[in-house]
Every structure is written in structure tokens, then in C-alpha cells.
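User: I am new to reading protein structures and would like to go through one slowly. Could you take my questions in turn and show the reasoning behind each reply?

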Amino acid sequence: MRKNTDEATLKSGELFQQAIEKDPNFALAHVGLATYYWMMAGYGIMRPNKAWPKAEVAVSTALAIDKKLSDAHRVLAAVKMWQDWDWSGA
């Protein structure tokens with residue numbers, strides 16, 4: 001995903017899904033998937049009204065597994081800001 005190409009971003013979504021299938025309790029894979037959806041919305045590859053709810057589900061799952069993950073809280077803030085327009089919550 002960090003290559004910042006469309007191809008790498010699309011592939012990262014597949015890889016995060018595979019990681020979650022192998023270990024559903026791998027919180028960082030859920031955070032990665034949430035970040036993937038964030039990027040999909042941000043790059044205009046997926047409609048925001050489709051991507052942000054998926055990001056919210058993925059990050060909520062990550063926080064249910066490990067509520068101390070800073071990356072998960074970062075993505076949750078993005079969801080609150082860009083999907084919910086909850087500036088103070090973000």
C-alpha cells in the first residue's frame with residue numbers, strides 16, 4: 001500500500017483480506033483494511049458512501065480486538081471526520 005500506486009493499493013486490500021481470513025483476531029490487518037478503504041475513497045477509486053462505512057466496520061473490529069492500537073484510533077478519527085463530519089469526535 002505504501003508504494004502509492006493504484007495497483008499496490010488494490011493489491012493491499014486483497015492481502016489484508018487474506019490475513020484476516022487466516023487470523024480473524026489480527027487487529028492490525030483490520031486496521032490495514034480500514035486504511036485501504038480510506039485510501040479507496042480518498043483516491044476516488046471507490047465511492048465514499050461505500051468505502052467509509054466499510055472502513056468504519058474494519059476499524060471497529062480492530063478496536064474490539066485491541067482498543068489500544070494507535071493506528072486504529074487514527075483511522076477512527078478519519079472516519080469520524082470524513083464520514084460523520086464529527087470534528088470534535090475526530
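**Helices, rings and a core**

User: Before we begin, what kind of model is this, and which residues on the other side of H1 are exposed?
Analyst: This is a predicted model, so the values discussed here are computed from its atoms. A residue counts as exposed when its relative accessible area is over 50%. On the other side of H1, the residues that are exposed are Glu 7, Glu 21 and Lys 22.

User: How far apart are the end C-alpha atoms of helix H1, and what span should its 17 residues have?
Analyst: Helix H1 runs over residues 6-22, and at 1.5 Å a residue its 17 residues should span 24 Å. The end C-alpha atoms agree with this expectation, because they are 25 Å apart.

User: Within what arc do the buried residues of H1 fall, seen down its axis?
Analyst: The buried residues of H1 are Ala 8, Thr 9, Ser 12, Gly 13 and Ile 20. Seen down the axis of H1, these residues line one face of the helix, because they fall within an arc of 145°.

User: Which helix do the buried residues of H1 pack against?
Analyst: One of the buried residues of H1 is Ser 12, and, with residues up to four places away in sequence not counted, Ser 12 touches Met 1 and Tyr 36. The buried residues of H1 pack against the helix that spans 27-42, namely H2.

User: Is Ser 12 buried or exposed, and what is its relative accessible area?
Analyst: Ser 12 has its place in helix H1. A residue counts as buried when its relative accessible area is under 20%. Ser 12 is therefore buried, with a relative accessible area of 6%.

User: What is the distance, centre to centre, in the aromatic pair of Trp 38 and Trp 52?
Analyst: The structure holds four aromatic pairs. In one of them, Trp 38 and Trp 52 form a tilted pair with 40° between the planes, and the distance from centre to centre is 6.3 Å.

User: Which helices hold Trp 38 and Trp 52, and how many residues apart are they?
Analyst: The two residues differ in their surroundings, as Trp 38 is partly exposed at a relative accessible area of 25%, whereas Trp 52 counts as buried at 7%. Their pair links distant parts of the chain, with Trp 38 in helix H2 and Trp 52 in helix H3 (residues 48-65), and they are 14 residues apart.

User: Why is the pair of Trp 82 and Trp 85 called edge-to-face, and at what angle are the planes?
Analyst: A pair counts as edge-to-face when its planes are over 60 degrees apart. The ring centres of Trp 82 and Trp 85 are 6.2 Å apart, and the pair is edge-to-face because the planes are at 70°.

User: Which residues do ring pairs link into a cluster?
Analyst: Trp 82 is partly exposed, with a relative accessible area of 42%, while Trp 85 is exposed, with a relative accessible area of 52%. Ring pairs link these two and one further residue into a cluster, whose members are Trp 82, Trp 85 and Trp 87.

User: Which helices are included in what covers the buried residues of H4?
Analyst: In H4, the buried residues are Ala 72, Val 75, Leu 76, Ala 78 and Val 79. They lie on the same side of H4, because they cover an arc of only 155° around the axis. What covers these buried residues includes H2 and H3.

User: Which helix gives the most to the largest nonpolar core?
Analyst: The largest nonpolar core has 25 residues, of which Val 59 and Ala 72 touch the most other members. H2, H3 and H4 each supply at least two residues of this core. The helix that gives the most, with ten residues, is H2.

User: How far does the backbone oxygen of Pro 24 lie from a polar atom of the side chain of His 30?
Analyst: His 30 is found in helix H2, and at 8% relative accessibility His 30 counts as buried. Leaving aside neighbours within four places in sequence, the residues in contact with His 30 include Pro 24, Ile 20 and Ala 58. The backbone oxygen of Pro 24 lies from a polar atom of the His 30 side chain at a distance of 2.9 Å.

Notes. Residues are numbered from 1 along each chain as its sequence is written. This is a predicted model: local features need pLDDT of at least 70, side-chain atom pairs count only at pLDDT 80 or more; totals for chains, interfaces and linings use all residues. Side-chain values use heavy atoms; hydrogens and water are left out. Helices (H or I, at least four residues) and strands (E, at least two) are DSSP runs, numbered from the N terminus. The expected span of a helix is 1.5 Å times one less than its number of residues. Buried means under 20% relative accessible area, exposed over 50%, partly exposed in between (1.4 Å probe, protein chains only). The arc is that of the directions from the helix axis to the C-beta atoms. Contact means heavy atoms within 4.5 Å. Rings of Phe, Tyr and Trp (its six-membered ring) pair if their centres lie within 6.5 Å; planes under 30 degrees apart count as stacked, over 60 as edge-to-face and the rest as tilted. A nonpolar core is a set of buried Ala, Val, Leu, Ile, Met, Phe, Trp, Tyr and Cys residues joined through side-chain atoms within 4.5 Å. A polar contact is a pair of N or O atoms within 3.5 Å; within protein, one must be able to donate a hydrogen and the other to accept it, and residues adjacent in sequence count only if both atoms are side-chain atoms.
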